[in-house]
Each structure stands twice: as C-alpha cells, then as structure tokens.
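Here is a briefing for a reader who has not seen this structure before. Please look over the sequence and the structure before reading on.

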Amino acid sequence: KGNDTPTGEYLGTLAAWTPEESYGPHRVIKLDATVGNALEAEALGRSGLAIHGGRDQTILWSTEGCVRVFDRDMHKINEFMAKHKLNQIKVEVKER
C-alpha cells in the first residue's frame, strides 16, 4: 500500500506549499511522524506527507500518501487553528 497514509501519530504543523493547483489556496498541515508505522515509514524514506486541499473540488483526488480534503474543509481547519492560536496539532491515522 505504497500510496496509503501510514498509520500512527504525527505532529501536524501549518505550512505554505505550492502550487495552489495541487495543494489548494490554504495553508497545509505538514505531517511529521512521531509513533507507529508512520515513524517506520519515514525512516524508510516516506516523507513530505500533509493534509491539504487542491485539484477538482467535486471529488477528492487520490494522493501519494497525503490526506486530501476539500478546499472548503481546509479553510475551516485553518480558521479553527487560527481561532485557537494553534500552529501544531497531533494527528492520528488509523486503519479503517
């Protein structure tokens, strides 16, 4: 499952990534592995994962391991983090 987001825990940090077409108009949440398969995958070279918007906004396009959300949802996440003065959050990815 090379394109799945590795399970485990991440430290999510707000960051600006380009191009907007790929990542959306809002800041992304860059994911740095801290625990579990996420940490093992990072040690094996899986890096550059994030929660982000971007692409066609009628469907959620697949990614190379990132978590894609609609731009409107990424906007809400950014607003929430700003309202609560958060720059980092804990993100947990579990099996379905």
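The notes below go through the sheet, the core, the pocket, the cavity and some single residues.

The model is predicted. It contains an open sheet of 5 strands with mixed pairing. The largest nonpolar core has 17 residues, and the largest pocket encloses about 620 Å³ of space.

**Sheet**

- The strands of the open sheet follow the order β4-β3-β2-β1-β5.
- β4 and β5 are the edge strands, and each of them pairs on one side only.
- β1 (8-15) runs antiparallel to β2 (28-35), and 7 bridges join these two strands.
- One position in that pairing is tyrosine 10, which stands opposite alanine 33 in β2.
- β1 also pairs with β5 (88-93) in the antiparallel sense, over 6 bridges.
- In the pairing with β5, glycine 8 stands opposite valine 93, and threonine 13 stands opposite glutamine 88.
- Of the 8 residues of β1, 6 are buried, so this strand is largely enclosed by the rest of the structure.

**Nonpolar core**

- In soluble globular proteins, nonpolar side chains tend to be buried together.
- Within the largest nonpolar core of this model, the residues with the most contacts are Tyr10, Ile29, Leu31, Leu49, Ile51, Met74 and Val91.
- At least two residues of this core come from each of β1, β2, β3 (49-52), α3 (71-83) and β5.
- β2 gives the largest share of the core, with 4 residues.
- Tyrosine 10 touches residues that include Leu31, Ala33, Leu49, Ile89, Val91 and Val93, when residues up to four places away in sequence are not counted.
- On the same basis, the contacts of tyrosine 10 also include Thr5, Asp32, Thr34, Ala38 and Lys90.

**Largest pocket**

- The lining of the largest pocket consists of 20 residues.
- Asp4, Thr5, Pro6, Val93 and Arg96 are the lining residues that lie nearest the centre of this pocket.
- α2 (37-43) and β4 (67-68) are the elements that give two or more residues to the pocket lining.
- By class, the pocket lining holds 7 nonpolar, 6 polar and 7 charged residues.

**Cavity**

- The structure has 1 cavity of 30 Å³ or more.
- The volume of the largest cavity is about 50 Å³.
- Pro6, Tyr10, Leu31, Ala33, Ala38, Glu42, Arg46, Ser47, Gly48 and Leu49 line the largest cavity.
- β2 and α2 each provide at least two residues of the cavity lining.
- The cavity lining divides into 6 nonpolar, 2 polar and 2 charged residues.
- Tyr10, Leu31 and Leu49 are among the residues of the cavity lining, and they are also among the residues with the most contacts inside the largest nonpolar core.
- Pro6 is one of the residues of the cavity lining, and Pro6 is also among the residues nearest the centre of the largest pocket.

**Two residues of β1**

- Threonine 13 is part of strand β1 and counts as buried, because its relative accessibility is 17%, which is under the 20% cut-off.
- Threonine 13 is in contact with Val28, Ile29, Lys30, Asn87 and Gln88, leaving aside neighbours within four places in sequence.
- Alanine 15 also lies in strand β1, and its relative accessibility of 18% means that it counts as buried.
- With neighbours within four places in sequence left aside, alanine 15 is in contact with Arg27, Val28 and Lys30.
- Alanine 15 and alanine 50 are 35 residues apart along the chain, and their C-alpha atoms are separated by 9.3 Å.

**Backbone details in loops**

- The peptide bond from threonine 18 to proline 19 is cis, and its omega is near 10°.
- Proline 19 is located in the loop between β1 and α1 (20-23).
- Lysine 85 is not a glycine, although it has a positive phi of about 55°.
- The loop that holds lysine 85 lies between α3 and β5.
- Lysine 85 counts as exposed because its relative accessibility is 77%, and the cut-off for exposed is over 50%.

Conventions:
Residues are numbered from 1 along each chain as its sequence is written. This is a predicted model: local features need pLDDT of at least 70, side-chain atom pairs count only at pLDDT 80 or more; totals for chains, interfaces and linings use all residues. Side-chain values use heavy atoms; hydrogens and water are left out. On a 1 Å grid over the protein atoms alone, a cavity is a set of points where a 1.4 Å probe fits but cannot get out, and a pocket is an open set with protein on both sides within 12 Å along at least five of seven lines; lining residues have an atom within 4 Å of a point. Grid points are joined across faces, edges and corners, and a volume is the space filled by probe spheres set on the points. Ala, Val, Leu, Ile, Met, Phe, Trp, Tyr, Cys and Pro count as nonpolar, Asp, Glu, Lys and Arg as charged, and the others, Gly among them, as polar. A nonpolar core is a set of buried Ala, Val, Leu, Ile, Met, Phe, Trp, Tyr and Cys residues joined through side-chain atoms within 4.5 Å. Buried means under 20% relative accessible area, exposed over 50%, partly exposed in between (1.4 Å probe, protein chains only). Contact means heavy atoms within 4.5 Å. Two strands pair if DSSP finds at least two bridges between them.
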